[in-house]
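Student: I'd like to learn how to read a sheet and a helix pair. Can you walk me through it?

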Amino acid sequence: MNSPREETIGELLPPDRLMLTPGPSSVDPRVYRAMAAPIVGHMDPWFTHMMDDVQAQLRRVFQTKNHLTFPISASGSGGIEAAVMNPLDAGDECIVCVNGAFSERMAIIAERIPAKVIRVEVPYGRTVDPADVLRAGRGRRIKLVGLTHGETSSGIVQRIGDYRRVADELGALLVVDAVATLAGVPLDVDGERIDFCFSGSQKAISAPPGMAPITVSQRGEQTIEARKEPVRSWYFDLSTAMNYWGKDRLYHHTPPITLIYAMREALRAVLEEGLEARWERHRTNQQALVSGLEAMGLKLFVSDPADRLITVTAVNIPAGIEDPPARKQLLEEFNIEIAGGLGPLKGKIWRIGLMGYSCQERNVLLFLAALEKTLSDQGFRLPAGAATAAALASYKQARQPALAGARK
Ligand SMILES: *Cc1c(COP(=O)(O)O)cnc(C)c1O
């Protein structure tokens, strides 16, 4: 057989997948169009002016007045790296609330500084009790408390305010991973007084992967300025990267110009829709998805609806169904990608993302019908048509105007 190198390599023609994973989500054609615009230099006055637009847009989406707000040239994990490495010095004490793969990643990064990391840990699918955080930090000099707002690995959301109160009692900064929540789930950086908050371009913002928007409070900035030693990462040192994104616009590294175009257009779509309307869209679509899954006889991994992350739904794989063949059928027959479980949840759950451009009624209905056929082909007995009927009923209910005070 010839090796692929000896054959002619054809034109790049990726399949047109519907991305229902916890990221990347599908990209709106208007964002692709923006990406086809010609490159200019990163020091071009037109470009540096355009960067102001992106920063202003990000401030509105994060709901902050923070000066230090810009997209880092990195994926969401680069956001974790920056948010942890900038405030922490070797030997500093911090608390990380660990309830899944991404909060665990935050702890691992902090340990590499090396900071003294106290992990307040619960099993996947649970929220960390703020009282346990307070207990763990009492009598210590805790520099920051870190948590993941939406844990994509298990479909869990945590209430930021509860951890802010604990961080206040400990005199600590609050670091929040909002990679899976920004622009999909209510989040108010200034209102909730988050010191370091970051996200990823490819989740609810629905741009391609590769940028990590970050915002830092004044107190966070002061912590960076007060450092005795330079940040242990040259690339993620926010005090120097900010010379480029700050008013000086000094060269730091060549940013991904095309991705910044994409961010600008994706954020324009977010703000055109309005944050409230966007959150409501995510809520309504997930509600319909959940109704459909339950009507099929499936069980959600997170039992308390109040703890469920709106953007990523974790559902138990039913007994008798194998994970890989089912996902393979969804991909090959319907062009739909969903994700399996991470770490201890591998083979046990599926994770269905409904974020940004992917989060649409027609996608929910298509997915439920596709999953019904897939599960049925794989030998799972379920009531025909029940999932889509339940989802449609959920949409109908959501569209009904609230009868103010008329019914109890
Ligand atoms: C996806 C995700 C990350 C990691 O982002 P990458 O872009 O894959 O580096 C971090 N935290 C959360 C909560 C995520 O959902």
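Tutor: Sure, terms up front: strands (E, at least two residues) and helices (H or I, at least four) are DSSP runs, numbered from the N terminus, and two strands pair if DSSP finds at least two bridges between them. This is a predicted model, where local features need pLDDT of at least 70, side-chain atom pairs count only at pLDDT 80 or more, and totals for chains, interfaces and linings use all residues. Residues are numbered from 1 along each chain as its sequence is written, and side-chain values use heavy atoms, leaving out hydrogens and water.

Student: In what order do the strands of the open sheet come?

Tutor: Strands of a sheet pair through backbone hydrogen bonds, parallel or antiparallel. Here 7 strands form an open sheet, ordered 2-10-9-8-5-3-4, with mixed pairing. Strand 2 (68-72) and strand 4 (116-121) are the edges, each pairing on one side only.

Student: How many bridges join strand 3 to strand 5?

Tutor: There are 4, between residues 93-98 and residues 142-148, and the two strands run parallel. Ile95, for instance, has Val145 in strand 5 as its bridge partner.

Student: And how do I describe packed helices?

Tutor: Two packed helices are described by the angle between their axes and the distance between the axes. Axes are lines fitted to C-alpha atoms, for helices over the stretch in contact, and angles run from 0 to 180 degrees between N-to-C directions. Helix 10 (residues 275-295) packs with helix 13 (residues 386-399) at about 145°, their axes 7 Å apart.

Student: Which residues of helix 10 and helix 13 meet?

Tutor: Contact means heavy atoms within 4.5 Å. Among the residues that meet are Ala288 and Gly292 in helix 10, and Ala391 and Tyr395 in helix 13.
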